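Please open the structure in your viewer and keep the selection tool at hand. This tour moves from one stop to the next, saying what to select and what is found there.

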Amino acid sequence: MYDFQQYLAGRNVLEAGPNKGMLFEKYYPLTKKYTLLEPNEHFEKNYIKLQQRHPNLHYEIGTFETFEPAERFDTIVMMAVIAHIRSKPDEIFAKINDMLNPQGFLIIETNNTKRNLRVMALCEENYELVEAKTSYNGIIKWLKIDYRDVMVYRKP
């Protein structure tokens, strides 16, 4: 797991598609507020347990497409989520851009399909690339089974 503390600590964070919510759990105590957005209602029981340990953790059961937050976020985390969003690439980027504060960070990972690469191209065109890390190394990358990257962008 990569160290994303500098992009999360002291910030208002949205994580879209967190599954059980365990991937970034170690960072929850460091954030001002951490919101989980998950379309699968079966994970809600996990979020209730996580909230008992982390009072700054909030969650919403719903899709990225229908999510209408009352606030903007300092950091948005989207790990392997874009492929599951049923909007056009321009619409996905526009929604991210609307929800992200100026100077905010976008931590994003996706597989390299044509549709997903269009979203990444929009990020590249409009945001500053701060950091890029390979998600998979070794045989998986060599065989090109999956060669996704984790990108960290900063909105101007």
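Which side chain does a polar contact of 2.9 Å join to that of Asp-74? Bear in mind that this is a predicted model, then select Asp-74 together with Asn-101, since these are the two residues whose side chains are joined by that contact of 2.9 Å.

**Stop one: around Asp-74**

Asp-74 belongs to strand 4, which covers residues 73–79. Asp-74 is buried and yet has no salt bridge; if you add Lys-32 to the selection, you have the nearest side chain of opposite charge, which lies 4.3 Å away, whereas a salt bridge is counted within 4 Å. To see the surroundings of Asp-74, leave aside residues up to four places away in sequence and show those that Asp-74 touches, namely Arg-11, Asn-12, Lys-32, Leu-100, Asn-101, Gly-104 and Phe-105.

**Stop two: the nonpolar cores**

Now select Ile-76, Met-78 and Leu-106, which touch the most other members among the 25 residues of the largest nonpolar core. The elements that give two or more residues to this core are strand 1 (12–16), strand 4, helix 3 (89–99), strand 5 (100–110), helix 4 (114–126) and strand 7 (149–154). Centre the view on Ile-76 and, again setting aside residues up to four places away in sequence, look for its contacts with Leu-14, Ile-96, Met-99, Leu-100, Phe-105, Leu-106 and Ile-107. A second, separate core has 19 residues, among them Leu-8, Val-13, Phe-43 and Ile-107.

**Stop three: the strands beside strand 7**

Show strand 5 and strand 7 as a cartoon, and follow how they pair in the antiparallel sense over 6 bridges. Within this view Leu-106 can be selected with Tyr-153 of strand 7, which it stands opposite. Next add strand 6, residues 128–134, which runs antiparallel to strand 7 and is joined to it by 6 bridges; here the residue to select is Glu-131, which stands opposite Val-152 in strand 7.

**Stop four: Ile-61**

Finally, turn to Ile-61, placed in strand 3, which spans residues 57–61. Is Ile-61 buried or exposed? Ile-61 is partly exposed, because its relative accessible area is 30%, which falls between the limits of 20% and 50%. Select Glu-41 as well: Ile-61 and Glu-41 are 20 residues apart in sequence, and their C-alpha atoms are 6.0 Å apart in space. Beyond residues up to four places away in sequence, Ile-61 touches Glu-38, Pro-39, Asn-40, Glu-41, Glu-44 and Tyr-47.

Notes. Residues numbered from 1 in each chain as written. Predicted model: local features only at pLDDT ≥ 70, side-chain atom pairs only at ≥ 80, totals over all residues. Heavy atoms only, no water. Helix = DSSP H or I, 4+ residues; strand = E, 2+ residues; numbered from the N terminus. Buried < 20%, exposed > 50% of the residue type's maximum accessible area, 1.4 Å probe, protein only. Lys, Arg positive; Asp, Glu negative; His and termini not counted. Polar contact = N/O pair within 3.5 Å; in protein donor to acceptor, adjacent residues only side chain to side chain. Contact = heavy atoms within 4.5 Å. Core = buried A, V, L, I, M, F, W, Y, C linked by side-chain atoms within 4.5 Å. Pairing = 2+ DSSP bridges.
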